[in-house]
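Biologist: Please take one part of this model and go through it closely. I would like the strand pairing to start with, then the packing of the rings.

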Amino acid sequence: LTEITIPSSVNSIDDSAFDGCNSLKSVSISDSIHSISLRMFSNCKSLLKIVIPTSVESIKKFAFSYCTSLTTIEIPSSVTNIEESAFRGCSSLVQIEIPSSITIIQKNTFNGCSSLKQIIIPSSVTEIGDGAFNECSSLISITFPSSVVLIGKDAFNGCSSLIEIKF
């Protein structure tokens, strides 16, 4: 299994449905899906590309955790909640744009994304959870909007390349 196209006839996908599909490289999801479920694509180590439709409102815990080949992902503005550890261990993820629909970057969301170089946090974000960017060892720059009132424990622990912080 290297490619999946989820048709519009499917309106829900249970937890861990594709967890551990190591040969899966590409996923296209129809507009009938409203949530990326718990561990839906966790441990899909060959996953390079995924298109998240604008119908998706929530990305659940560990949804893409340890997708070690995933380099970029576009999150549509329809997504209002990204749960903890959603992208944990995505060690090839170089960039991600957090949509302005997000208000909290949950605990460990990007923990271990060791290739992530830059992050711009939208002005909608008020909280950055514990360990949110822990071990993002390639992160060199981060910009905090004035809306951020809480930065959790170990949020940037292990960010050994961090040279620029803007408030």
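Modeller: Start with E10 and E12. Three bridges join these two strands, and they run parallel. Within that pairing, Gln-118 stands opposite Ser-141 in E12. Keep in mind that this is a predicted model.

Now widen the view to the sheet. It is open, has three strands, and follows the order E10-E12-E14 with parallel pairing. E10 (118–120) and E14 are the edge strands, each pairing on one side only. From one strand to the next, the twist averages 5°.

Next, the rings. The structure holds eight aromatic pairs. Phe-18 and Phe-41 make one of them, and this pair is stacked. Their centres are 5.4 Å apart, with 5° between the planes. Phe-18 lies in the loop between strand E1 (3–6) and strand E2 (26–29). Phe-41 lies in the loop between strand E3 (35–36) and strand E4 (49–51). The pair therefore ties together parts that are 23 residues apart in sequence. Phe-18 has 17% relative accessibility, so it counts as buried. Phe-41 has 0% and counts as buried too.

Phe-133 and Phe-156 form another stacked pair. Here the figures are 5.3 Å centre to centre and 5° between the planes. Phe-133 sits in the loop between strand E11 (127–128) and strand E12 (141–143). Phe-156 sits in the loop between strand E13 (150–151) and strand E14 (164–166). This pair links distant parts of the chain, 23 residues apart. Phe-133 is buried, at 0% relative accessibility. Phe-156 is buried as well, at 18%.

These four rings belong to one aromatic cluster. Its other members are Phe-64, Phe-87, Phe-110, Phe-144 and Phe-167.

One more ring deserves a look. The charged end of Arg-39 sits over the ring of Phe-62, 4.3 Å from its centre.

Finally, a polar side chain. Ser-78 lies in the loop between strand E6 (72–74) and strand E7 (81–82). At 19% relative accessibility it counts as buried, because the cut-off is under 20%. The side chain of Ser-78 reaches the backbone oxygen of Val-56 at 2.6 Å. Leaving aside residues up to four places away in sequence, Ser-78 touches Pro-53, Thr-54, Ser-55, Val-56 and Glu-57.

Key
Residues are numbered from 1 along each chain as its sequence is written. This is a predicted model: local features need pLDDT of at least 70, side-chain atom pairs count only at pLDDT 80 or more; totals for chains, interfaces and linings use all residues. Side-chain values use heavy atoms; hydrogens and water are left out. Helices (H or I, at least four residues) and strands (E, at least two) are DSSP runs, numbered from the N terminus. Buried means under 20% relative accessible area, exposed over 50%, partly exposed in between (1.4 Å probe, protein chains only). A polar contact is a pair of N or O atoms within 3.5 Å; within protein, one must be able to donate a hydrogen and the other to accept it, and residues adjacent in sequence count only if both atoms are side-chain atoms. Contact means heavy atoms within 4.5 Å. Rings of Phe, Tyr and Trp (its six-membered ring) pair if their centres lie within 6.5 Å; planes under 30 degrees apart count as stacked, over 60 as edge-to-face and the rest as tilted. A charge sits over a ring if NZ of Lys or CZ of Arg is within 6 Å of the ring centre and within 35 degrees of the ring normal. Two strands pair if DSSP finds at least two bridges between them. Axes are lines fitted to C-alpha atoms, for helices over the stretch in contact, and angles run from 0 to 180 degrees between N-to-C directions.
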